[in-house]
Amino acid sequence: MTLTGLYVPLITPFDSSGAVALDALESLARRVLSEGAAGLVALGTTGEPSSLTEAERQAVIDVATRVCREHHAQLLVGASTPDTLEDLRARADAALTVVPPFVRPGEAGAVAYLTQLAANSPVPLVIYHVPYRTGQPLSADSLRQLAALPNVIGVKYAAGITEETIALVADLPPDFAVLGGDDLFISPLLALGAHGAILASAHLETTRFAQLIHAWQTGDLTTARSLGHRLSRLSKALFAEPNPTVIKATLHAHGLIPTPDVRLPLLPATPTSLDAALLTHPVPA
């Protein structure tokens with residue numbers, strides 16, 4: 001499996017009764033794939049998975065699996081335990097597996113845990129490296145150790161741009177993909193050599209984000225720089241409050257989901273943040 005291009009980590013829309021709006025989810029999935037996304041991510045952080053029931057999580061996976069198969073697109077699903085990984089057998093192309101959060105086991109502990117998961121997983125793993133959420137950073141050397149495992153095919157890299165970032169992309173193992181996951185920094189990460197991106201911002205301007213990745217990959221620097229500057233303003237506005245609150249509010253303002261609702265502990269986006277997002281992505285007149 002080759003990971004390249006744009007992947008959109010789907011929100012989970014809710015209807016006015018508070019239930020998961022599966023029809024809206026399916027429409028969103030079809031829209032972003034038709035507008036240039038190479039694949040989808042279900043039950044990532046953007047999808048509020050910890051706020052969903054087990055039945056709701058299964059329903060979300062079912063919708064994403066069906067749509068991806070119909071579009072011949074790749075599907076990644078958030079899964080970080082043996083049980084949730086086993087549940088993906090024959091349903092997903094890969095799992096998005098977060099570095100163990102909160103316990104801060106140290107790099108060696110995190111690598112050992114992910115190595116064990118990879119050895120027993122029925123699907124390949126894409127490691128989700130997001131230290132500002134997990135509290136556990138991984139060095140370029142640790143990521144290379146994981147990349148050498150036969151069942152680890154890539155990393156969603158959401159650690160900004162640091163010396164470790166440069167060290168990683170300067171010496172990547174073969175058949176290992178770096179997918180940018182820090183929306184505001186995606187253009188410079190692509191310039192350094194990332195293979196693609198997993199971007200919540202790409203619920204909006206999907207085609208432009210796909211074009212941004214293609215422009216960097218083909219050396220069209222004029223287009224890449226112009227799009228990168230423009231899309232970074234959109235990402236900044238969409239992440240002004242905890243993800244995915246502003247994205248949901250903006251999608252609702254565009255009539256793409258039935259409500260802007262999120263579930264606790266998230267709170268709805270403020271009108272100020274929504275107005276700022278709509279300045280970068282206006283509702284058509």
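**Exercise 1.** State the volume of the second largest pocket in this predicted model and describe its lining.

*Solution.* Step 1: the volume of the second largest pocket is about 340 Å³. Step 2: its lining consists of 19 residues, and those closest to the centre are Tyr132, Asp182, Asp183, Phe239 and Asn243. Step 3: helix 5 and helix 10 (221-238) are the elements that each contribute two or more residues. Step 4: sorted by class, the lining holds 9 nonpolar, 5 polar and 5 charged residues.

**Exercise 2.** Describe the largest pocket, from its volume to the class of its lining residues.

*Solution.* Step 1: the largest pocket encloses about 850 Å³ of space. Step 2: among its 31 lining residues, Leu43, Gly44, Thr45, Pro49 and Ser50 are the closest to the centre. Step 3: two or more lining residues come from each of helix 2 (54-71), strand 3 (74-78), helix 3 (82-86), strand 4 (94-98) and helix 5 (131-134). Step 4: helix 2 supplies the largest share, 4 residues. Step 5: the class count is 14 nonpolar, 11 polar and 6 charged.

**Exercise 3.** Locate Ile161 and determine whether it is buried, partly exposed or exposed. Then identify the surface patch that includes Ile161.

*Solution.* Step 1: Ile161 lies in the loop between strand 6 (152-157) and helix 7 (163-170). Step 2: buried means under 20% relative accessible area and exposed means over 50%. Step 3: Ile161 has 34% relative accessibility and therefore counts as partly exposed. Step 4: together with Ile166, Leu184, Phe185 and Leu192, Ile161 forms a nonpolar surface patch with about 390 Å² of accessible area in total.

Terms used
Residues are numbered from 1 along each chain as its sequence is written. This is a predicted model: local features need pLDDT of at least 70, side-chain atom pairs count only at pLDDT 80 or more; totals for chains, interfaces and linings use all residues. Side-chain values use heavy atoms; hydrogens and water are left out. Patches are made of residues with over 30% relative accessible area and no salt bridge: like charges are joined within 9 Å, nonpolar side chains (Val, Leu, Ile, Met, Phe, Trp, Tyr) within 5 Å. Accessible areas come from the Shrake-Rupley method with a 1.4 Å probe; for residues, only the protein chains shown count as cover. A salt bridge is a side-chain nitrogen of Lys or Arg within 4 Å of a carboxyl oxygen of Asp or Glu. Buried means under 20% relative accessible area, exposed over 50%, partly exposed in between (1.4 Å probe, protein chains only). On a 1 Å grid over the protein atoms alone, a cavity is a set of points where a 1.4 Å probe fits but cannot get out, and a pocket is an open set with protein on both sides within 12 Å along at least five of seven lines; lining residues have an atom within 4 Å of a point. Grid points are joined across faces, edges and corners, and a volume is the space filled by probe spheres set on the points. Ala, Val, Leu, Ile, Met, Phe, Trp, Tyr, Cys and Pro count as nonpolar, Asp, Glu, Lys and Arg as charged, and the others, Gly among them, as polar.
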